[in-house]
Every structure is written in C-alpha cells, then in structure tokens.
Amino acid sequence: MDPNAARVGRESLELAFHMSKILETGLDRHTLSILIALCEMGLNPESLAAVVKELRRDSPPPPSSSSSQETAAPIP
C-alpha cells in the first residue's frame, strides 16, 4: 500500500473516531473502521446504523466504570 494513502486513511479514521466521540456513539475505532469499510463497499449507512442499534438493544448493557473508556462493548 502507498505510504501516503495509508497515512491519509489513518488520519481519516482518527477524524471519524473523534467525531464519533463528540456525538457519543460509543463506537470503538475497530468497529468504526469496519462500518466505514462496509459503506465504502456500497452498503447503505442507514441500514448499518439500524443493525448496530438492533444489536445493542439485544445485548446486555456494559458494566459501568469510574474511568473514561474509549471503546464500547463488543458487538456480537
């Protein structure tokens, strides 16, 4: 892979992750990168959002902790 393209990709993911944190989506970098890749493959972003919401509704809530976390509970 072109080093410049890899750098741009990392910077884009960091920007998307930063926006995700501001919007309090609870998505970790790995999940966010998978969702972005699926969108780039042509999947409908609204459908992906619906799937994420459904999976979160079906999974138990993550245990709360006093420290701030940058990652969300894994989606099964």
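The dialogue below walks through how to read several features of this predicted model.

Me: Before looking at single residues, how many helices and strands does the chain have, and in what pattern do they follow one another along the sequence?

Reply: The secondary structure comes to three helices and zero strands, and reading along the sequence gives the pattern α-α-α. Of the 76 residues of the chain, 14% count as buried, while the accessible surface comes to about 6,100 Å², with 62% of that surface belonging to carbon and sulfur atoms.

Me: Which residues make up the largest nonpolar core, and which elements give two or more residues to this core?

Reply: The general idea is that in soluble globular proteins nonpolar side chains tend to be buried together. Here the largest nonpolar core has seven residues in all, namely Ala16, Phe17, Leu27, Leu32, Leu35, Leu48 and Val52. The elements that give two or more residues to this core are α1 (3–22), α2 (29–40) and α3 (45–58).

Me: Taking Phe17 as a case, is the residue buried or exposed, and how far from Leu27 is Phe17 in space?

Reply: Phe17, which is found in helix α1, has a relative accessible area of 2%, and because buried means under 20%, this residue counts as buried. Phe17 and Leu27 are 10 residues apart in sequence, and their C-alpha atoms are 7.9 Å apart in space.

Me: How should I read Ser20, and which residues is Ser20 in contact with once neighbours within four places in sequence are left aside?

Reply: Ser20 is also a residue of helix α1, and its relative accessible area of 7% places it among the buried residues. With those sequence neighbours left aside, Ser20 is in contact with Thr25, Leu27 and Leu32.

Me: What volume does the second largest pocket have, and which residues line it?

Reply: The general idea is that rolling a probe the size of a water molecule over the atoms shows where empty space is left. In this model about 230 Å³ of space lies in the second largest pocket, and its lining includes Ser20, Thr25, Leu27 and Leu32, together with Cys39, Pro45, Lys53 and Arg56. Helices α2 and α3 each supply at least two residues of that lining, and the largest share, six residues, comes from α3. By class, the lining has eight nonpolar, two polar and two charged residues. Leu35, Leu48 and Val52 are likewise among the lining residues, and these three also belong to the largest nonpolar core.

Me: Where is Glu24 placed, and what is its phi?

Reply: Glu24 sits in the loop between α1 and α2, and it has a positive phi of about 55° although it is not a glycine. At 70% relative accessibility, Glu24 counts as exposed, whereas Ser20 is buried.

Me: What share of contacts in the chain between residues at least 6 apart in sequence join residues at least 24 apart, and how far apart in space are Gly9 and Ser33?

Reply: Among contacts between residues at least 6 apart in sequence, 38% join residues at least 24 apart. Separately, as a pair set apart along the chain, Gly9 and Ser33 are 24 residues apart in sequence and 9.9 Å apart in space, taken C-alpha to C-alpha. Gly9 lies in helix α1, and because its relative accessible area is 38%, between the 20% and 50% cut-offs, Gly9 counts as partly exposed.

Key:
Residues are numbered from 1 along each chain as its sequence is written. This is a predicted model: local features need pLDDT of at least 70, side-chain atom pairs count only at pLDDT 80 or more; totals for chains, interfaces and linings use all residues. Side-chain values use heavy atoms; hydrogens and water are left out. A nonpolar core is a set of buried Ala, Val, Leu, Ile, Met, Phe, Trp, Tyr and Cys residues joined through side-chain atoms within 4.5 Å. Buried means under 20% relative accessible area, exposed over 50%, partly exposed in between (1.4 Å probe, protein chains only). Helices (H or I, at least four residues) and strands (E, at least two) are DSSP runs, numbered from the N terminus. Contact means heavy atoms within 4.5 Å. On a 1 Å grid over the protein atoms alone, a cavity is a set of points where a 1.4 Å probe fits but cannot get out, and a pocket is an open set with protein on both sides within 12 Å along at least five of seven lines; lining residues have an atom within 4 Å of a point. Grid points are joined across faces, edges and corners, and a volume is the space filled by probe spheres set on the points. Ala, Val, Leu, Ile, Met, Phe, Trp, Tyr, Cys and Pro count as nonpolar, Asp, Glu, Lys and Arg as charged, and the others, Gly among them, as polar. Accessible areas come from the Shrake-Rupley method with a 1.4 Å probe; for residues, only the protein chains shown count as cover.
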